Amino acid sequence: MLEQLQAWLKPEPLEFVVDPTQPVVRFAQVDKSYANGVIGLKSLNLQVNMGEFLFITGHSGSGKSTLLKLIYGEEKPTAGEVWVLNTCLNSLKGDRLAKLRRRIGVVFQDYKLVEQRTVAENVAFVLMAQGYNRGEIQAKLTPVLDRVGLAAKADCFPAQLSGGEQQRVSIARAIVNSPPLLLADEPTGNLDLENAWLVVNIFKQLNATGMTVLITTHDQDLVEAAAHPAIALKAGCLVG
């Protein structure tokens with residue numbers, strides 16, 4: 001049993017890779033409705049190509065979070081098809097879904113850090129769960145903490161950090177395994193303007209390395225100032 005567990009945790013050759021001739025994300029006539037009658041998305045068609053930086057805007061309840069949940073497989077479409085890294089997610093589950101999720105970095109508005117773990121431990125946990133050894137973890141951990149400006153805070157706990165610093169820990173955790181696709185759900189929603197721009201600039205730097213970045217936000221001023229493409233959702237539909 002132990003040998004089976006070790007084999008499952010051991011890093012494997014990547015199954016889900018970016019094909020530059022194919023979209024990184026594609027929605028084909030996607031509907032999403034919930035058991036309580038709420039409509040998440042309606043007949044959504046969307047294509048995101050490798051290396052794009054895209055804002056997804058709209059008011060609360062417009063379908064932004066639903067769209068991201070469909071991309072990383074937390075939700076399944078009611079109709080239509082969702083493709084990510086050249087793989088249809090409609091029936092993907094179990095180990096294969098877990099492996100796909102390792103190729104997608106996700107950043108949440110509320111950080112989702114483990115309060116009892118240090119900055120370094122929060123970020124390293126992703127790699128530990130995949131069976132990387134101590135040396136491999138350290139080799140990845142140091143540069144990613146440098147990238148988000150938190151190398152000096154590696155031994156701090158979340159409660160000792162500002163909100164902006166906690167969000168940067170969340171970003172470090174999301175990118176430590178160098179995913180080709182990064183999703184961020186209202187990542188600046190709890191931040192003041194200065195920290196919001198620090199976070200957006202990190203996303204810009206990541207995108208400059210070739211990472212595809214999708215960010216949901218209701219802050220239209222931020223979108224306009226960032227000067228990247230944006231799409232808008234209203235009641236589950238693309239508008240404009």
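## Close-up views of a predicted model

**View 1. Ala-232 sits in strand β9 (residues 230-234).** The structure shown here is a predicted model. Is Ala-232 buried or exposed, or partly exposed? Ala-232 counts as partly exposed, because its relative accessibility is 22% and buried means under 20%. Look for its contacts beyond four places in sequence: Ala-232 touches Thr-57, Cys-237, Leu-238 and Val-239. Thr-57 and Ala-232 lie 175 residues apart in sequence. In space, their C-alpha atoms are 4.6 Å apart.

**View 2. Six strands make an open sheet with mixed pairing.** Read the strands in order: β6-β7-β8-β3-β9-β10. Which strands stand at the edges? They are β6 and β10 (237-239). Each has a single partner strand, so one side of each is left without a neighbour in the sheet. On average, neighbouring strands here are turned by 25° against each other, direction ignored. Helix α6 packs on this sheet and touches β6 and β7. The direction of α6 makes about 170° with that of β6.

**View 3. β7 and β8 run parallel.** How many bridges join β7 to β8? There are five bridges. One pair to find is Ala-184 with its bridge partner in β8, Ile-215. Both residues also touch Phe-203.

**View 4. Phe-203 belongs to the largest nonpolar core.** This core has 40 residues. Which residues have the most contacts inside it? They are Ile-171, Leu-182 and Phe-203. Several elements give two or more residues to the core, among them β3 (53-57), α6 (163-175), β7 (181-185), α7 (193-208) and β8 (212-217). Helices α4 (119-129), α5 (134-147) and α8 (220-226) do so too. Now zoom in on Phe-203. Leaving out residues up to four places away in sequence, Phe-203 touches Phe-53, Ile-171, Leu-182, Ala-184, Pro-187, Val-213 and Ile-215. Apart from this core lies another, of 29 residues. Val-30, Val-48, Leu-68 and Leu-85 are among its members.

**View 5. Four strands form a second open sheet, with antiparallel pairing.** The order is β2-β1-β4-β5. The edge strands are β2 (39-48) and β5 (87-88), and each pairs on one side only. Follow β1 (residues 25-33) next. Its pairing with β4 (residues 79-84) is antiparallel, over five bridges. Val-25 has Val-84 as its bridge partner in β4. Phe-27 has Val-82 as its bridge partner in β4.

**View 6. β1 and β2 form a hairpin.** Five residues lie between the two strands. Gly-37, in the turn, has a positive phi of about 95°. The two strands pair in the antiparallel sense over six bridges. Which residue of β2 is the bridge partner of Arg-26? The partner is Gln-47.

**View 7. Helix α2 (residues 64-71) lies across β1, β2 and β4.** The helix runs at about 120° to β1. How many of the eight residues of α2 are buried? Six are, so the helix counts as mostly covered. The buried residues are Lys-64, Thr-66, Leu-67, Leu-68, Leu-70 and Ile-71. Leu-68 is also one of the residues of the 29-residue core. After α2 comes Gly-73, whose phi is positive, near 80°.

**View 8. Ala-154 is placed in the loop between α5 and α6.** Why does Ala-154 count as buried? Its relative accessible area is 16%, and buried means under 20%. Beyond its neighbours within four places in sequence, Ala-154 is in contact with Thr-118, Val-119, Ala-120 and Leu-145. Glu-121 is 33 residues away along the chain. The C-alpha atoms of Glu-121 and Ala-154 are separated by 8.2 Å.

**View 9. The largest pocket has a volume of about 620 Å³.** The pocket is lined by 20 residues. Which of them are the closest to its centre? They are Arg-101, Ile-104, Val-106, Val-126 and Arg-173. The elements that give two or more residues to the lining are α1 (2-9), α3 (94-101), β6 (104-107), α4 and α6. Helix α6 also packs on the six-stranded sheet of View 2.

Key
Residues are numbered from 1 along each chain as its sequence is written. This is a predicted model: local features need pLDDT of at least 70, side-chain atom pairs count only at pLDDT 80 or more; totals for chains, interfaces and linings use all residues. Side-chain values use heavy atoms; hydrogens and water are left out. A nonpolar core is a set of buried Ala, Val, Leu, Ile, Met, Phe, Trp, Tyr and Cys residues joined through side-chain atoms within 4.5 Å. Buried means under 20% relative accessible area, exposed over 50%, partly exposed in between (1.4 Å probe, protein chains only). Contact means heavy atoms within 4.5 Å. Two strands pair if DSSP finds at least two bridges between them. Axes are lines fitted to C-alpha atoms, for helices over the stretch in contact, and angles run from 0 to 180 degrees between N-to-C directions. On a 1 Å grid over the protein atoms alone, a cavity is a set of points where a 1.4 Å probe fits but cannot get out, and a pocket is an open set with protein on both sides within 12 Å along at least five of seven lines; lining residues have an atom within 4 Å of a point. Grid points are joined across faces, edges and corners, and a volume is the space filled by probe spheres set on the points.
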